[in-house]
Amino acid sequence: MISSPQANIRLPHVLRDSAIVALLSLGVYVVAHWQALNSYFVVANDVRQQLFWMQAWCDPALFPPGGLLTDYSRQYVPWGVQGLFWLGTRGMDPLWFSKILTGLLYAATGVGMYLLGRRAGGRAGGFACAAVFWCMPFFLYRISGALSRGFGPPLLVMFWAGWAWRNTRVMAVSLLLQALCIPYIFLLCGLASGVAWLGSMTLGRTRRAWRAVFPAKIWHFVVLGLSAVLVLLFRNSYSQAGFGPLVDRAAMAGRPEFGPLGRYAVTDAPSLLFELVARPLERLAPFHENK
């Protein structure tokens, strides 16, 4: 039986269980990527960012500046991911760095899932939530290769775990990292924070027991504002480099690269109900495996 969410929540026990979940998550990652970990040239996803950013820093002559593809690749990698790639060149091989970083991102997501489950359903709920995460190959697929999108699951679950545990510092750090590593996830979490604040300004007047966790203090708004500025600056960097602005829906109309025959079917999409219900489900087990 799942215990009460508030029962037996002790920090040493939570830290111990989090370490266990992290190790088990790394075990799942090693099993899933065993071939890649045993062969230098086998990677579970494309590594265009790693090959460009890290090899260019190791050997500047490999990608000379001024090339169209080189300059474009420099622009679409968020600044936080660039920084990690730069650190990876300080003595580590680019391909191996991508594989190690993928494992760390996967383990961090597993810990976040455990913390969410622990808050909702006690220790049993935490391990149950982590076990469901391990059984979902969708997460391994999204994180593989340590691309920018691979930072989405750990930073998203970090934000919601901080909210569930009422830890505003964790929420603030996750928002800043989202703005630096995967800006569109910040849009989701930043909007959720804004809705919570608006709710506290309206419902909180009639139900004084309810208050938004974040934002609630001045420094919370500073973090939100700083994160939003970082996202806007990154977005404007496309235009300043000659590759922007970002294409809008009107510009996509009638262009086949954005239709069903393109890499991503953005325009002429199915109904909104399909996008909200069927699309997320088809990416989860067992539906994803049967595609």
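## A short tour, starting at Ala146

With a relative accessibility of 0%, Ala146 counts as buried, so select that residue to begin. Keep in mind as you go that this is a predicted model.

**Stop 1: Ala146.** Where does Ala146 sit along the chain? Look in the loop between helix 7 (137-143) and helix 8 (152-164), and there you'll find Ala146. Now check the backbone: phi is positive at Ala146, about 55°, even though this residue is not a glycine. Most residues other than glycine have a negative phi.

**Stop 2: Arg166.** Follow the chain on past helix 8 and select Arg166, in the loop that leads from helix 8 to helix 9 (168-181). Here's another non-glycine with a positive phi, about 60° for Arg166. Is Arg166 buried or exposed? Its relative accessibility is 54%, and the cut-off for exposed is over 50%, so Arg166 counts as exposed. Ala146, remember, is buried at 0%.

**Stop 3: Phe214 and Pro215.** Next, pick the pair Phe214 and Pro215 and zoom in on the peptide bond that joins them. Most peptide bonds are trans. The one from Phe214 to Pro215 is cis, with omega near 0°. To place Pro215, color helix 10 (183-206) and helix 11 (218-240): Pro215 is in the loop between them.

**Stop 4: helix 1 against helix 6.** Now show residues 11-32, which make up helix 1, together with residues 94-134, which make up helix 6. How far apart are the axes of helix 1 and helix 6 where they pack? They're 7 Å apart, and the packing angle is about 130°. An angle like that makes helix 1 oblique to helix 6. Turn the view until one helix passes over the other, and you'll be looking at a right-handed crossing of helix 1 with helix 6. Which kinds of residue make up the contact of helix 1 with helix 6? Sorted by class, there are 17 nonpolar residues, six polar ones and five charged ones.

**Stop 5: the cysteines.** Last, how many disulfides are there? The count is zero. Select Cys129 to see one cysteine without a partner: the nearest cysteine sulfur belongs to Cys135 and is 12 Å away. A disulfide would need the two sulfur atoms within 2.5 Å. Then jump to Cys189, also in no disulfide, where the nearest cysteine sulfur is that of Cys181, 13 Å away. Switch on the surface for this pair of stops: Cys129 is partly exposed, with a relative accessible area of 25%, whereas Cys189 is buried, at 0%.

Note on methods: Residues are numbered from 1 along each chain as its sequence is written. This is a predicted model: local features need pLDDT of at least 70, side-chain atom pairs count only at pLDDT 80 or more; totals for chains, interfaces and linings use all residues. Side-chain values use heavy atoms; hydrogens and water are left out. Helices (H or I, at least four residues) and strands (E, at least two) are DSSP runs, numbered from the N terminus. Buried means under 20% relative accessible area, exposed over 50%, partly exposed in between (1.4 Å probe, protein chains only). Axes are lines fitted to C-alpha atoms, for helices over the stretch in contact, and angles run from 0 to 180 degrees between N-to-C directions. Angles under 35 degrees count as roughly parallel, over 145 as roughly antiparallel, 65 to 115 as roughly perpendicular and the rest as oblique. A crossing is left-handed if the near helix is turned anticlockwise from the far one by less than a right angle, and right-handed if clockwise. Ala, Val, Leu, Ile, Met, Phe, Trp, Tyr, Cys and Pro count as nonpolar, Asp, Glu, Lys and Arg as charged, and the others, Gly among them, as polar.
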